[in-house]
Amino acid sequence: MSTLVVGSRASHLARAQVREFLAPLRERFPDVVFRRRVITEAGDQDRRSALREVSERGGGSAFSVNQVNALASGEVDVIVHSLKDLPTANPPGLILLPPPTRADVHDALCGSTLAGLPRGGRIGTSASRRIAQLLHVRPDLVPVEIRGNVPTRLGKLRTQRLDAVVLAAAGIKRLGRGEEISEILPIGLFPPSPGQGALGIQIREDNELARRILSGAGDPVTDAEVRAERAMLAELHGGCSVPVGAFGKAEGDVLTLYGQVTSVDGGRQLEAHYSGPLGEPEKLGMQVAGLLLDQGAEKILVEARPAA
């Protein structure tokens, strides 16, 4: 009987994502034992520092470094990430498999609708992209940086007297708390982080057993969409802590990518979109990044990086 050790973070959401990923695999491979291992990340250990500071200390990501190291060293055979938390470059010897069909890509407001927020309303989020996008639409809002897992952040509506919090809709729904969503934010104004809603399935390149068992778990359309989004982010030399939004949408054999860069104060916002063949997602990502750079995105990103 073969065994695959599956690593992930310890949060309720990480556990839900692993269950979601493994459920069909357990049915298809009843003779394979899938054993879960919890790996704690810097972002889980330090919930007081700003997320961008934790990311810098952790080598670029607050929520993936320790898992990647465990995979590279052979402690685990596969990691189930939130794809939006992963840097765009794979470490040597590791590969990303095509992800399963992704969940809802939108951001969601809990506690109030956007129109229902009072002037000067306090809104909780730790993401610079969300802060920038919110300030662009509602410059009167007061962002309050909050950290923690999904239940903790939802609880801060009460404990920190916030008017609303903004979270990924996918995470809220995966935890069965969709009824707490007050409004799904429109994707045209609030394009998500590249890869949001998708699982990042990472294995060692030389692990033939993992490759064989997991090869059929991915969705090619989702794969093309997120590859375009991540290629755009890579071309912009962005990361998890810069105010960049992206959304790829496939229709038949055509893939359209929408990209957005917003200044940290919300005062400036650049947008671009382009369509291309579904089979060339990286080329499309670079094309949309080029359109944003032609509009002056690099200046916005340079200003954002010292704070990010």
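**Why these labels apply**

User: Where is Met 286 placed, and what makes that stretch a helix?

Analyst: Met 286 belongs to helix H10 (residues 281-294). Helices are DSSP runs of H or I with at least four residues, strands are runs of E with at least two, and both are numbered from the N terminus. The model is predicted: local features need pLDDT of at least 70, side-chain atom pairs need pLDDT 80 or more, and totals for chains, interfaces and linings use all residues. Residue numbers start from 1 along each chain as its sequence is written, and side-chain values use heavy atoms, leaving out hydrogens and water.

User: Why is Met 286 called partly exposed?

Analyst: Its relative accessibility is 43%. Buried means under 20%, exposed means over 50%, and partly exposed is in between (1.4 Å probe, protein chains only). Met 286 therefore counts as partly exposed.

User: Why does Arg 102 count as buried?

Analyst: Arg 102 has 11% relative accessibility, so it falls under the 20% limit. This residue is in the loop between strand S4 (94-97) and strand S5 (107-110).

User: How do you know that Arg 102 makes a polar contact with Glu 229?

Analyst: The two side chains come to 2.7 Å. A polar contact needs a pair of N or O atoms within 3.5 Å; within protein, one must be able to donate a hydrogen and the other to accept it, and residues adjacent in sequence count only through two side-chain atoms. Contact in general means heavy atoms within 4.5 Å. Beyond four places in sequence, the contacts of Arg 102 include Gly 195, Thr 222, Glu 225, Glu 229 and Phe 247.

User: What makes H9 and H10 oblique?

Analyst: The axes of H9 (residues 220-235) and H10 cross at roughly 40° and come within 7 Å. Under 35 degrees is roughly parallel, over 145 roughly antiparallel, 65 to 115 roughly perpendicular, and the rest oblique. The pair is therefore oblique. Among the residues making the contact are Ala 228 and Met 232 of H9, with Met 286 and Leu 292 of H10.

User: Why is Arg 161 called exposed?

Analyst: The relative accessible area of Arg 161 is 74%, which is over 50%, so it is exposed. Arg 161 is in the loop between helix H6 (150-159) and strand S8 (164-168). Its phi is near 50°, a positive value in a residue other than glycine.

User: What makes Ile 184 partly exposed?

Analyst: Ile 184 has a relative accessible area of 33%, in between the two limits, so partly exposed is the label. Ile 184 lies in strand S9 (residues 183-184). Its C-alpha is separated by 6.4 Å from that of Leu 109, 75 residues apart along the chain.

Definitions and conventions
Axes are lines fitted to C-alpha atoms, for helices over the stretch in contact, and angles run from 0 to 180 degrees between N-to-C directions.
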